[in-house]
Amino acid sequence: MRKTFKYRLYPTGKQVQALCGQLGEACRLYNGALQERRDAYQYAGISLSYYDQAKQLKDIRAEGDCELANFSCSQDVLRRVEKTFQAFFGRVKRGETPGYPRFKSRWRYDSLTFPSYGDGCRLRENGKLYVQGVGEIKVKLHRVVEGRTKTVTVKREGGRWYVCFSVEVADLADSILYEDIGIDLGLSSFAVLSDGTVIENPRWYRRAQAKLRIAQRRVARRKRGSKGRRKAVVLLQRAHAHVRNTRRDFQHQTARWLVERYSVIFVEDLNIKGMARGMLAKSVSDAAWGGFLQLLRDKAAEAGRVVLGVNPSGTSQTCTCGTPVPKTLSQRWHECGACGLSLARDHVSALLIRGLGRSLVSLT
Ligand SMILES: [Zn+2]
């Protein structure tokens, strides 16, 4: 499965010039290859293939006739010509009368493809994008590129520049990156994983909650049976629906993310109802753990993954070494005097949950 990640590039003036120069060279090569095919067909009745053209590339470049900096990128240009012609002949075969492949204007030749990541174009450790013949370009990486990058395309679009990473995402069935994971459903965050990953509560939540309260108060103020109250009730229902939908989206995303990564997931077997009655009521219902765990189980079952509940008692008061480390609810850090383990409280809980889960698995 292929997936594309697109990011905005911020080239300097000089880099824009260099990029335009590269695009211009690619365009010249494209048109040259097209011309050669036309001539061969017209004068000799032969249709040239990609290989016929690609084997000339070395000489052309050696003679300095093509200043496209990267060799594979030049090959990609020829492949584009090949594709255009295949589409053309395909249409002819089907009895259509397509227009003969046309030359491209250098103003409309807008992209360079690097067919194998790392060859001529790659993300550097400083977070910049290296493009051969251009240099290191500033890029806004607003999200992480997931999966193995196969090809990279640098694009001009409406006066702006972008880079697209085409990434191979394995099918769910064989995409196990890690064997097992323990999840501690948190209070200050949504969840903490045994590898230390923190899944934050979504930011929209508090805001939505405040809106909900306002809508509730409005209903309470209006007179029973009045038209105004009916209106306020509709608004309140809408606010509730909004919170519900947004929460479901978040839970779906999170559950999918976990199932994509782990084959065995250990969670606390919480008596959610019991907890919701106590003083933790708000936090518990906030994070809506029960609904989430159900969703996680469903998604795991679909993907052939396992979700196992373990008894969580003591996971907040013990160390991974077995030493009791009592903590009050407000103590968020775990400090073990016996083994020296010093970690966030929820992280330790997640580790313990994974440990309990592993012992359960090895028992059965
Ligand atoms: Zn310890």
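Which residues are the protein donors of the zinc ion? In this predicted model, the zinc ion is held by four cysteine sulfurs, namely the SG atoms of Cys319, Cys321, Cys336 and Cys339. The structure contains zero disulfides, and a search for enclosed spaces of 30 Å³ or more gives three cavities. The points below treat the zinc site, the cysteines, one of the cavities and several individual residues.

**Zinc site**

- The SG atoms of Cys319, Cys321, Cys336 and Cys339 lie 2.2 to 2.3 Å from the zinc ion.
- The arrangement around the zinc ion is tetrahedral, because the four donor atoms subtend angles of 106 to 114°, and four donors count as tetrahedral if all angles lie between 85 and 135 degrees.
- For reference, the ideal angle for four tetrahedral donors at a metal is 109.5 degrees.
- Along the sequence, the donor residues follow the spacing C-x1-C-x14-C-x2-C.
- Cys319 has a relative accessibility of 1% and therefore counts as buried.
- Cys321, another of the donors, is partly exposed, since its relative accessible area is 41%.

**Cysteines and disulfides**

- A search of the whole structure returns zero disulfides.
- Cys121 illustrates this result: the closest cysteine sulfur, in Cys73, is 8.8 Å from the sulfur of Cys121, which is too far for a bond. A disulfide would require the two sulfur atoms to be within 2.5 Å.
- Cys121 is also buried, because its relative accessible area is 1%.

**Second largest cavity**

- The volume of the second largest cavity is about 40 Å³.
- Its lining consists of Arg37, Tyr41, Ile46, Ser47, Leu48, Phe85, Phe89 and Tyr100.
- By residue class, the lining of the second largest cavity comprises six nonpolar residues, one polar residue and one charged residue.
- Two helices, H1 (13–44) and H4 (71–93), each contribute at least two residues to the lining of this cavity.

**Residues of helix H4**

- Phe89, one of the residues lining the second largest cavity, belongs to helix H4.
- Phe89 counts as partly exposed, because its relative accessibility is 31%.
- Phe89 and Ile183 are separated by 94 residues in sequence and by 57 Å in space, C-alpha to C-alpha.
- Asp76 is likewise found in helix H4, and its relative accessible area of 11% places Asp76 in the buried class.
- Asp76 and Tyr30 are 46 residues apart along the chain, and their C-alpha atoms are separated by 9.7 Å.

**Residues elsewhere in the chain**

- Ala239 is part of helix H6, which covers residues 227–261.
- With a relative accessible area of 18%, Ala239 is buried, because the buried class extends to values under 20%.
- Between Ala239 and Ile214 there are 9.9 Å in space, C-alpha to C-alpha, and the two residues are 25 residues apart in sequence.
- Ser194 is located in the loop that lies between strand E9 (191–193) and strand E10 (198–199).
- Although placed in a loop, Ser194 counts as buried, at 5% relative accessibility.
- Ser194 and Arg160 are 34 residues apart in sequence, and the C-alpha to C-alpha distance between them is 42 Å.

Definitions and conventions
Residues numbered from 1 in each chain as written. Predicted model: local features only at pLDDT ≥ 70, side-chain atom pairs only at ≥ 80, totals over all residues. Heavy atoms only, no water. Donors = N, O, S within 2.8 Å, 3.2 Å for Na, K, Ca; no water. Tetrahedral: all angles 85-135°; square planar, octahedral: opposite > 155°, others 65-115°. Buried < 20%, exposed > 50% of the residue type's maximum accessible area, 1.4 Å probe, protein only. 1 Å grid on protein atoms, 1.4 Å probe; cavity = no way out; pocket = protein on both sides within 12 Å on 5 of 7 lines; lining within 4 Å. Points joined across faces, edges and corners; volume = space filled by probe spheres on them. Helix = DSSP H or I, 4+ residues; strand = E, 2+ residues; numbered from the N terminus. Nonpolar A, V, L, I, M, F, W, Y, C, P; charged D, E, K, R; others polar.
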